[in-house]
Amino acid sequence: MHALLADLLDAAPGGCDHVEARIVERAWESIGVRDDAVAWLEHELSTGLGVRVRVDGAWGFAATTVLTPAGAREALARAIAVARAQPRTGAGRRAWAATLSPVPVAVGRWSSPWRRDPFAVPTEEKLAHLTAAQAALAVDPRVVRREASYEAIRTTTTFASSDGSRIEQTLLECGGGIEALAVAGEEAQVRTYPSGHGGSVAAAGWEHLLGLDLAGHAPRVAGEAVQLLSAPPCPSGPATVVIGAEQLALQVHESVGHALELDRMLGGEAAYAGTSWIGPDDLGTLRLGSDQMTISADATIPGALGSYGWDDEGVAGQRLLLVQRGIVTAALSDRTSAAAIGLAESGGCGRADGFARQPIVRMTNVSLEPGDAGTLADLLADTGDGLYLETNRSWSIDDRRLHFQFGTEVAYEIRGGELGRLYRDATYAGIAPRFWAAMDAVCSAPAWRLHGLTNCGKGEPGQSAHVSHGTAPARFRGVEVGASGTIPASAAQLDAPSGMVG
Amino acid sequence: MSGALPGGIAPQGDLPSPRELAAEVLALAAADGETQVSVTRERSLFSRFAGSVATQATAIDVVSVHVLSVVDGHTGGATCTALDRDALREATRRARTAAEAAARSAPSPGPYPGLPKPEVSPPGRSLQGHGPPGPFPELDPAVAGAALAGAFATAEARGLAAFGIWTAGDVETAIASSRGLDVTDRVTDAYLKVVCRDDAGRAGFAARTATSIAALDGALVAAEAADRVARTEPVALEPGPYPVVLDHDAVGSLLDQLASLAFNGLAQAEGRGALVGKLGTRIAAPSISLSDAPHFPGTLPRAFDAEGVPKATTALIEDGIARAVVHDTRSAALAGGGARSTGHALEPGGSAWGAVPTNLVLGGGDAASLAELAAPIERGLYISRLWYLNPVHERSALVTGVSREGTFLIEDGRISRPLRDIRFTDSILRVLAQTEALTAAQRLVSEAEYYGTRFAYGSVVPALRATGFRITGGA
């Protein structure tokens, strides 16, 4: 692959002041067992090349699956044609790629850690594991769908650039989860473990899936799904809430990580994913949250989905503090955005989803650093009365990453420092800086876990990034719970023949 | 396929056509029993811009091959992008091995009822879709450049900056199966979105979707977006129920959500869909008639689904009465009771997440304009675009989301002052039940989110006025 890329770089005409190319080989496997039968069992092998050029200050990018010198050169020609056809930058405006922040030449290899290659695990063993896990969900006839799923992805990226970098990296990801759908009358409830978004995926091997102990958790998960059918709706109003680590991971993702993407701040995503209420001038001064809030972006954490040796622009993966004791200190950047605000170097966050997409600013592993509130039990005991919210179900945030609303699969009353009554259909809403300012306790390091997300969407054409977030349960005061206020006690409340226009 | 397009980007030469490739792969799998081969070739062009400056441009020319194997009601699939004989043969082997493993793991036949029989006669005749007869001439970056330049100039003249995307796609799909299926389709689409912003960040949005880029005018779309930029500071609206005028794009976003919440046949069969127990009952205002119409004039037409089942019009809501959900072969088998595929498979073999309509058409009404929709409203709001919609309670089709880039107060019958963006949490079915009027004019709208292989779809919808829209906060 390096030879193909070397030939491609040599073929670049003199008008290209920057060329970089990636060959991405991806093996993907996904299995789902549902109600004692295999619902899906899919393999994918894809290999392709993406080449990005800068010509007269304009970017062009082209992708192909024809991995021959002729195919690569044809893609290069398309990328150049695309760049040359871009309208020239008007007077008084700065070209998007006017400058790139410098990057040291990088030559090397990197691989994520794993113990047992999931692709080498016999299919029969995988099916037996998943079959047993979903079978253990069969605790009640009201559980009408039982599902256990698994996914593994191996991505090998070969990168070369006109800066002289030559890099080869391999990332292995593996994970899965279980889901129980319970239905009774007009109510349907879903309960998942470890989360509802494809379960838990890590940069690891089959050992990660085994460590989740899906079958062991299944009876509890299914039991809770059934209990939710008759549980009362979560009460509304301001409350002290303890948010579970998995839900908190999505909270960090949506209201911190995305808000600190520098390309959003500069308007690059304004028409789609949005902008940010935080601007470059806020770095170093803006208070985003309480003193309990320290956020890191770390591309070096073993086992995390957003870890790598180098990003897709050849910039070394690194750790930086985005928020320190509540104050925003840095943004996530790539070579273009870093240069736009005069940073000495890129933050190493230029990432692309596969060979047919070009790098844009993405999160790496954005984490809330642990605090000193002990275990979850310690935090609940200290809380006295409130609500405990666990496992994301619904999420929505505005285009500046300021006003959000989340829903969780379950909520528990905290009474006298212990978990009490189960509630269904819990939602909470807030405004990011006020919400984070209300955080007054974070559990300690032993309660801190990495949570992988594989469905972070951004960019046009759309790209899905895989990121991890490290979190421990945390407490927030005065959160508006049930802000929607409109979840019906029963679906019949929303059947409105009496008010219907006719 | 070979040869340069006039002024455009030449497609990669020496590649077999998707139909030729599907036949070749099917032949490789001849000894493997029940098999379906799907070949997709995507050629597309994207040109993004921000601050009236071109930012990123992406040209894609990618072929992928998927093999589905069926053994005793169990399926296994394999996808590859390498087109050499060894790689293709390996894909057929993987698919077969997967299906066999699935069959061995189960004590009984699986839930998949088998590949659909071809519905064209005689078997083997190709069902040509709606695409243009020759090369799609509009994958020309110069056309994109001109559209962007037009948008920039219009924004500049209004003291604004333009943000957005121009994109065009040409996707050929061929499906062949061991049951004699042999179909091809070609879907061309074009989309232009412009958001105009001032230095204070106030913004207005406009977009157009079509089968041909010739129908899109960068300057005109930018002008429409510029018209929606607030010229004064926006005011806030207290939470509560309000009469609302939803423009075409906002209506399309709601229906996009409803498609999976209410009309997914698998969700219906599992008891989690919003129409469970409601088929044949009134669920919307009598003025509401919604169908899935893949051949409707002005839609993005599509000939068949991912199982090669021909697409046809399906009435979903007629005069406010819920009529149907949609199915693929897998969900129809699960539903039982004589249910059949309605041609809505999203994946070969049917998706594990169900079947969803992708060519929604909401019938228009009598209102001549947005102004006429707003006229009866004493105090309400106008929304041009909705964003980040997500279900809150699936059985009631309760969703939450926010408005953006063009939200205005309606006062005394007129669209008046700019509003700060709002968050709503409401049932889409309730909104349809409370719909009072719709414009006569319909427009094709699309979310135009292209993740993975390009699948262009959109809805043809009017704008509408509804009462009691539940605003639950700001945004």
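Visitor: How many residues does each chain put into the contact?
Guide: Chain B puts in 100 residues and chain A 94, where contact means heavy atoms within 4.5 Å. This is a predicted model, in which local features need pLDDT of at least 70, side-chain atom pairs count only at pLDDT 80 or more, and totals for chains, interfaces and linings use all residues. Residues are numbered from 1 along each chain as its sequence is written, chains are lettered from A and ligands numbered from 1 in the order in which they are written, and side-chain values use heavy atoms, leaving out hydrogens and water.

Visitor: What area is buried between chain B and chain A?
Guide: About 7700 Å², with 54% of that from carbon and sulfur atoms. Buried area is the accessible area (1.4 Å probe) that two parts lose on being put together, summed over both.

Visitor: Which three residues of chain B supply the most?
Guide: B:Arg48, B:Tyr388 and B:Tyr451, which supply 9% of the area that chain B buries against chain A.

Visitor: And how many salt bridges go across?
Guide: The rule finds 8 across the interface of chain B and chain A, a salt bridge being a side-chain nitrogen of Lys or Arg within 4 Å of a carboxyl oxygen of Asp or Glu. B:Arg104 forms a salt bridge with A:Glu124, and their closest N and O atoms are 2.5 Å apart.

Visitor: Which element gives the most on the chain B side?
Guide: β2(B), with 13 residues. Strands (E, at least two residues) and helices (H or I, at least four) are DSSP runs, numbered from the N terminus.

Visitor: Switching to pockets. How much space lies in the largest pocket?
Guide: About 890 Å³. A pocket, on a 1 Å grid over the protein atoms alone, is an open set of points where a 1.4 Å probe fits, with protein on both sides within 12 Å along at least five of seven lines; lining residues have an atom within 4 Å of a point. The volume is the space filled by probe spheres set on the points, which are joined across faces, edges and corners.

Visitor: Which lining residues are closest to its centre?
Guide: Of the 41 residues lining the largest pocket, A:Tyr193, A:Pro194, A:Glu246, A:Arg449 and A:His451.

Visitor: What about the second largest pocket?
Guide: About 730 Å³ of space lies in the second largest pocket. Its lining has 39 residues, and the closest to the centre are A:Trp96, A:Leu266, A:Gly267, B:Gly51 and B:Phe163. Elements that give two or more residues to this lining include α7 (262-265) of chain A and β2 (53-71) of chain B.
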